[in-house]
Amino acid sequence: MRIRSTAVVTSLLAAMALAGPSAAAADSRAPLGTALRSCQEQARVEVFRKGGVPLLDWRENLEFDGRGTLWVSHVAKHRVEGYAPDGTLRTTVPVTGAGGIRRGPDGMMYVNFGVNPLTPHGGIMRFDPSAAHPTPRKVVDGISGVNGLAIDSAGNFYLSRELSTGILKIRPDGTRDEAWTRAADIFGTNGLDIIGDQLYASVLTDLTSRVVRIPLDDPGRHTTVARLSPNPLRGKLLDDMTHFRGDLVVAGFGSGELIRVDPATGNSCVLVKGLHMPSSVRVAQGFGGHDPRHHLFVVEASGRIVKVTVA
């Protein structure tokens with residue numbers, strides 16, 4: 001999720017009011033039960049990096065490079081920050097309106113820029129995380145209204161759009177796969193994650209807090225995995241997600257939760273409560289002594305970076 005003007009927030013809420021009920025009617029088989037229970041696993045939350053002024057210190061997204069550095073996109077300060085496992089800030093990379101960030105199959109870091117609906121255009125930048133002084137270079141330009149990012153094993157980019165229909169697919173050479181995007185005709189997507197040959201997305205504009213699955217080789221066959229808001233009047237404003245122990249973990253920006261979802265059944269539970277506008281969550285990979293079987297990291301619009309240890 002990203003910073004918006006009052007006018008854009010109003011438009012977003014109007015879109016949610018329209019998209020939520022109609023989307024629910026479109027897939028009545030999707031699970032929608034009672035209030036979500038707490039997960040059986042115990043989870044402990046620790047502050048890895050303190051925040052500053054909420055919203056003004058908005059940290060939007062994060063990714064591990066597998067080489068000992070955690071990269072965090074700071075949308076308000078227009079930069080990407082590189083952190084050591086002990087929480088030390090190692091370096092910064094200038095990126096205007098930094099948003100979704102992912103490691104590509106080539107080991108490079110890719111980050112969306114211009115992540116703001118008032119920005120004339122945006123795109124994707126790339127930098128080498130192993131460089132002494134990483135220098136960002138544009139690889140995709142001239143797109144707008146993007147937020148989340150996912151990259152498949154072939155190097156194709158997938159970008160979510162909170163106020164548009166269709167997840168953008170861009171080939172490694174920078175050309176757009178318009179047919180794929182038209183087929184992935186879901187309005188208001190936010191967080192993205194790839195598991196095998198499936199792309200998962202959270203739908204910010206759906207009042208039932210929907211999570212969808214899109215086959216990479218047949219996007220028109222997208223289906224609803226789960227609806228995480230039993231009461232549509234209490235939408236969770238779903239943001240980014242990751243995969244963890246075979247499940248999805250989704251950040252509830254509005255509810256301050258991490259929600260665990262079984263992608264096979266749609267069953268869900270609340271793993272963590274009480275976060276401060278969490279916008280992204282990732283599993284620790286190659287990050288010192290942090291164990292990917294137990295450690296999740298979360299960034300918030302409060303500016304905090306927190307570590308979640310799952311028993």
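1. This note concerns a predicted model, and a convenient place to enter it is a strand pairing in which Met125 stands opposite Lys138 in β9. The two strands concerned, β8 and β9 (residues 137–143), run antiparallel and are joined by four bridges. On its other pairing, β8 is joined to strand β7 (residues 109–113) by five bridges, again in the antiparallel sense, and there Phe113 is the residue that stands opposite Gly123 of β8. Strand β8 itself covers residues 122–127, and five of its six residues are buried, so the strand is largely enclosed by the rest of the structure.

2. A second antiparallel arrangement deserves a separate comment, namely an open sheet of four strands in the order β2-β3-β4-β5. The edges of this sheet are taken by β2 and by β5 (89–94), each of which has a single partner strand, so one side of each is left without a neighbour in the sheet. From one strand to the next the twist averages 20°. Within the sheet, β2 is joined to strand β3 (residues 70–74) by five bridges, and in that pairing the bridge partner of Asn61 is Ser73 in β3.

3. Strand β2 also takes part in a contact between charged side chains, since Glu63 forms a salt bridge with Arg282 in which the closest N and O atoms are 3.2 Å apart. Glu63 lies in strand β2 (residues 59–64) and Arg282 in strand β21, so that the pair links distant parts of the chain, 219 residues apart. Both members of the pair, Glu63 and Arg282, are buried.

4. The salt bridge between Arg227 and Asp206, at 3.4 Å from N to O, may be read alongside the preceding one. Arg227 belongs to strand β16 (residues 223–227), whereas Asp206 sits in the loop between β14 (198–203) and β15 (210–215), and the pair therefore ties together parts that are 21 residues apart in sequence. Arg227 has a relative accessible area of 4% and is buried, while Asp206, at 2% relative accessibility, likewise counts as buried.

5. Other salt bridges complete this part of the description. A network is formed by Asp57, Arg59, Lys77, Arg79 and Glu81, which are joined by salt bridges that share partners. The side chains of Arg44 and Glu46 also meet in a salt bridge, with 3.5 Å from N to O; here Arg44 is partly exposed, with a relative accessible area of 48%, and Glu46 is partly exposed as well, at 30%. The count of salt bridges in the model comes to 20.

6. As to nonpolar packing, the largest core has 16 residues, and those with the most contacts inside it are Leu258, Leu271, Leu296, Val298 and Val308. At least two residues of this core are supplied by each of the strands β18 (247–252), β20 (268–272), β21 (278–283), β22 (295–300) and β23 (305–310). Leaving aside residues up to four places away in sequence, Val308 touches Ala43, Arg44, Val45, Leu258, Val272, His294, His295, Leu296 and Val298, and this list includes Arg44, the residue whose side chain meets that of Glu46 in a salt bridge. Apart from the largest core lies another, of 14 residues, among them Ile194, Val203, Val212 and Ile214.

7. Strand β18, one of the contributors to the largest core, pairs with β17 in the antiparallel sense over five bridges, and Thr242 stands opposite Val249 of β18. Strand β17 (residues 238–244) is mostly covered, with six of its seven residues buried. The hairpin of β17 and β18 has two residues between the strands, and in it Arg245 takes a positive phi near 55°.

8. A final point concerns Ser268, whose place is in strand β20, another strand that supplies at least two residues of the largest core. With a relative accessible area of 14%, Ser268 is buried. If residues up to four places away in sequence are not counted, Ser268 touches Leu36, Arg37, Leu228, Ile259, Arg260 and Val261.

Key. Residues are numbered from 1 along each chain as its sequence is written. This is a predicted model: local features need pLDDT of at least 70, side-chain atom pairs count only at pLDDT 80 or more; totals for chains, interfaces and linings use all residues. Side-chain values use heavy atoms; hydrogens and water are left out. A nonpolar core is a set of buried Ala, Val, Leu, Ile, Met, Phe, Trp, Tyr and Cys residues joined through side-chain atoms within 4.5 Å. Buried means under 20% relative accessible area, exposed over 50%, partly exposed in between (1.4 Å probe, protein chains only). Contact means heavy atoms within 4.5 Å. A salt bridge is a side-chain nitrogen of Lys or Arg within 4 Å of a carboxyl oxygen of Asp or Glu. Two strands pair if DSSP finds at least two bridges between them. Axes are lines fitted to C-alpha atoms, for helices over the stretch in contact, and angles run from 0 to 180 degrees between N-to-C directions.
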